[in-house]
Amino acid sequence: MDAKEISLNEKEVKPVVDLLNDYLANYHIHYQKLRGCHWNIKGQNFFTLHVKFEELYTNAQLTIDEIAERVLTLGKAPHSRFADYIKESQIKEIDTIGLKDLDMVDAILDDMAALIELERELLEATDAAGDDGSNDMVNRFMQFKEKNTWMLRSFAGKK
């Protein structure tokens, strides 16, 4: 498969593919952090956050698959090694064992802010490349995170 097969210019799409692979790396670290929060949540907010973290990691898993498949649709290979994800990701791993519930929420909010920043950069790149398919996909992902940012901030009593 090549980008020209879906009426896109290979050179114009290259920055999109590079950003999508960076996005994929960040999403993998975010996903694993969500799993760790889900597994290690304790305290009064256990029932609420255990379910919320599961909802978020399930969504992240589906998102990761869509990102990788979009890279393939654009004619390139998605990164697939955890060593690459750790090296390339702006989002960093954390140890969730013993982490307080609201500290977990803060960590997830930090990840979401970083992902939204990447998404806005991707929206500009996809627009410049005329890649409406990637633009629509990223926009959907961003809207989900924007809504969940509001919800988590409200849960944590933040403005």
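After helix α2 comes Gly75, whose phi is positive, near 95°. Helices here (H or I, at least four residues) are DSSP runs, numbered from the N terminus. The model is predicted, so local features need pLDDT of at least 70 and side-chain atom pairs count only at pLDDT 80 or more, while totals for chains, interfaces and linings use all residues. Residues are numbered from 1 along each chain as its sequence is written, and side-chain values use heavy atoms, with hydrogens and water left out.

**Helix lengths**

The expected span of a helix is 1.5 Å times one less than its number of residues. The table sets this value beside the distance between the end C-alpha atoms.

| Helix | Residues in helix | Expected span | End-to-end C-alpha distance |
|---|---|---|---|
| α1 | 31 residues | 45 Å | 44 Å |
| α2 | 28 residues | 40 Å | 40 Å |
| α5 | 24 residues | 34 Å | 35 Å |

For α1, the expected and actual spans agree. The same is said of α5, and α2 is close to its expected value.

**Around helix α1**

Ser7 is placed in the segment before α1. The phi of Ser7 is near 60°, which is a positive value in a residue other than glycine. Ser7 has a relative accessible area of 70% and is therefore exposed; exposed means over 50% relative accessible area, buried under 20%, and partly exposed in between (1.4 Å probe, protein chains only). At the start of α1, a side-chain oxygen of Asn9 comes to within 2.9 Å of the backbone nitrogen of Lys11. This is a polar contact, a pair of N or O atoms within 3.5 Å; within protein, one must be able to donate a hydrogen and the other to accept it, and residues adjacent in sequence count only if both atoms are side-chain atoms.

Asn21 belongs to α1, which covers residues 10-40. Is Asn21 buried or exposed? Asn21 is buried, because its relative accessible area is 4%. Apart from residues up to four places away in sequence, Asn21 touches Val71, Ala77, Pro78, His79 and Glu88. Contact means heavy atoms within 4.5 Å.

**The nonpolar core**

In soluble globular proteins, nonpolar side chains tend to be buried together. A nonpolar core is a set of buried Ala, Val, Leu, Ile, Met, Phe, Trp, Tyr and Cys residues joined through side-chain atoms within 4.5 Å. The largest nonpolar core has 45 residues, of which Leu20, Tyr23, Phe53, Ile67 and Ile108 touch the most other members. At least two residues of this core come from each of α1, α2 (46-73), α4 (101-129) and α5 (132-155). The most comes from α1, which gives 13 residues.

Two of these core residues can be followed further. Phe53, not counting residues up to four places away in sequence, touches Leu34, Cys37, His38, Ile41, Met104, Val105 and Ile108. Ile108 is in helix α4 and counts as buried, because its relative accessibility is 0%. Leaving aside neighbours within four places in sequence, the contacts of Ile108 are His30, Lys33, Leu34, Cys37, Phe53, Leu56 and Leu152. Ile108 and Cys37 are 71 residues apart along the chain, with 8.9 Å between their C-alpha atoms.

**Buried sides of α2 and α5**

The buried residues of α2 include Leu49, Phe53, Leu56, Ile64 and Ile67, and also Lys52 and Arg70. Their cover includes α1, α4 and α5. In α5, the buried residues include Met137, Val138, Phe141, Lys145 and Leu152. What covers the buried residues of α5 includes α1, α2 and α4. After α5 comes Gly157, with a positive phi near 75°.

**A cavity**

How many cavities of 30 Å³ or more does a search of the whole structure find? The search finds one. On a 1 Å grid over the protein atoms alone, a cavity is a set of points where a 1.4 Å probe fits but cannot get out, and lining residues have an atom within 4 Å of a point. Grid points are joined across faces, edges and corners, and a volume is the space filled by probe spheres set on the points. The largest cavity has a volume of about 40 Å³. Its lining consists of Tyr27, His30, Leu34, Leu56, Asn59, Ala60, Met112, Phe144 and Lys145. The elements giving two or more residues to this lining are α1, α2 and α5.

**An exposed loop residue**

Glu93 sits in the loop between α3 (82-88) and α4. Glu93 is exposed, with a relative accessible area of 55%. Leaving aside neighbours within four places in sequence, Glu93 is in contact with Ile29 and Ile86.

Definitions and conventions:
On a 1 Å grid over the protein atoms alone, a cavity is a set of points where a 1.4 Å probe fits but cannot get out, and a pocket is an open set with protein on both sides within 12 Å along at least five of seven lines; lining residues have an atom within 4 Å of a point.
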